[in-house]
Amino acid sequence: RRLAREAPAPTADLVSGVPDSSIAAAIGYATESGVPFNEVFCKNRYIHRTFIEPGDAVRRNKIKLKFNPLRHNLVGKRVVIVDDSIVRGNTLRQLVPLLRRAGAAEVHVRISSPPITHPCFMGVDIGTFDELIAHRAPSLEAVRAFTGADSLAFLSHDGLAAVVAEGQAGGAGSCGACFTGKYPLEVDW
């Protein structure tokens, strides 16, 4: 809901999420914005998290196999697609053109986290600085251009802190180092 308040897409016809991790955020966005939620992808359940695959070529090939557009929900529509994060940018770089080829008139990307600008040393395999699109791109516009979206917006750091605080007592125990570079433990670079 917070993402819809921070980054509205007033001309959108429908909201959808990148399955499966972004569906809840997309439903919240749709509810808050008043724009209907609808599925736009059929996901191959046998292809798992692509961002943790060992090589870029493997990740790109698996993304191609993972998502199939639901054309009848897309033709002529201005779509808001919600994703939980952008790590390398590979998924959205393929999904935005896929939605266009399936008939979407516009594709507006909304990300339910701040930009990931730092690697995670706390156990999540999200790459090196050079692999992270939000770290290596010079601007938000450069990330948008890389994905091919009509518009791109991320949840703010304050927005993330607010929604985490709603779900936890004061946000205790949360790590946001991948967003801020402020690690809870000393990190040897």
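In this predicted model, the side chain of Arg110 places a polar atom 2.9 Å from the backbone oxygen of Ala7. A second polar partner is Ser151, whose side chain meets that of Arg110 in a contact of 3.0 Å. Arg110 itself belongs to strand 5, which spans residues 106-111. With its neighbours within four places in sequence set aside, Arg110 touches a varied group of residues: Leu3, Ala7, Pro8, Ala9, Tyr29, Val80, Ile81, Val82, Asp83, Ser151, Leu152 and Ala153.

What is the nearest side chain of opposite charge to this buried arginine? For Arg110 that side chain is Glu106, at a distance of 8.9 Å, and Arg110 has no salt bridge although it is buried. The cut-off for a salt bridge is 4 Å between a side-chain nitrogen and a carboxyl oxygen.

Asp83 is one of the residues in contact with Arg110, and it deserves a look of its own. This aspartate sits in strand 4 and is buried, its relative accessibility being 7%. Beyond its neighbours within four places in sequence, Asp83 has contacts with Val18, Ser22, Leu92, Arg110, Ile111 and Ser112.

Salt bridges do occur elsewhere. Side chains of opposite charge can pair when their charged atoms come close. The whole structure contains eight salt bridges, and several of them are worth following in turn.

Arg5 pairs with Glu32, with 3.6 Å between the closest N and O atoms. Because Arg5 is in helix 1 (residues 2-6) and Glu32 is in helix 2, this salt bridge ties together parts that lie 27 residues apart in sequence. Both partners are partly exposed: the relative accessible area is 47% for Arg5 and 32% for Glu32.

Arg78 and Asp13 form another salt bridge, in which N and O are 2.8 Å apart. Here the arginine comes from strand 4 (residues 78-83) and Asp13 from the loop between helix 1 and strand 1, so parts 65 residues apart in sequence are tied together. Arg78 is partly exposed, at 29% relative accessible area, and Asp13 is likewise partly exposed, at 27%.

In a further salt bridge, the closest N and O atoms of Asp150 and Arg100 are 3.0 Å apart. This pair also links distant parts of the chain, 50 residues apart: Asp150 is in the loop between helix 6 (140-147) and strand 6 (151-154), while Arg100 is in helix 4 (residues 90-101). Asp150 has a relative accessible area of 36% and is partly exposed; Arg100 also counts as partly exposed, at 28%. Returning to the partners of Glu32, salt bridges with shared members bring Arg1, Arg5 and Glu32 into one network.

The backbone offers a feature of its own. Most residues other than glycine have a negative phi, and most peptide bonds are trans. Which peptide bond is cis, with omega of about -10 degrees? The bond between Pro19 and Asp20 has this geometry. Asp20 is placed in the loop that runs between strand 1 (14-17) and helix 2 (23-33).

On the surface, Phe121, Met122 and Leu185 make up a nonpolar patch, and their combined accessible area is about 290 Å². Leu185 contributes from the segment that comes after helix 8 (177-180). Is this leucine buried or exposed? Leu185 is exposed, its relative accessible area being 58%.

These local features sit within a chain of eight helices and six strands. Their order along the sequence is α-β-α-β-α-β-β-α-β-α-α-β-α-α. Among the 189 residues of the protein chain, 44% count as buried. The accessible surface amounts to about 9600 Å², with 54% of it belonging to carbon and sulfur atoms. Of the contacts in the chain with a separation of 6 or more, 70% are between residues 24 or more positions apart.

Note on methods. Residues numbered from 1 in each chain as written. Predicted model: local features only at pLDDT ≥ 70, side-chain atom pairs only at ≥ 80, totals over all residues. Heavy atoms only, no water. Helix = DSSP H or I, 4+ residues; strand = E, 2+ residues; numbered from the N terminus. Patch = residues over 30% accessible without salt bridge, like charges linked within 9 Å, V, L, I, M, F, W, Y side chains within 5 Å. Areas by Shrake-Rupley, 256 points an atom, 1.4 Å probe, with all protein chains shown as cover. Buried < 20%, exposed > 50% of the residue type's maximum accessible area, 1.4 Å probe, protein only. Lys, Arg positive; Asp, Glu negative; His and termini not counted. Polar contact = N/O pair within 3.5 Å; in protein donor to acceptor, adjacent residues only side chain to side chain. Contact = heavy atoms within 4.5 Å.
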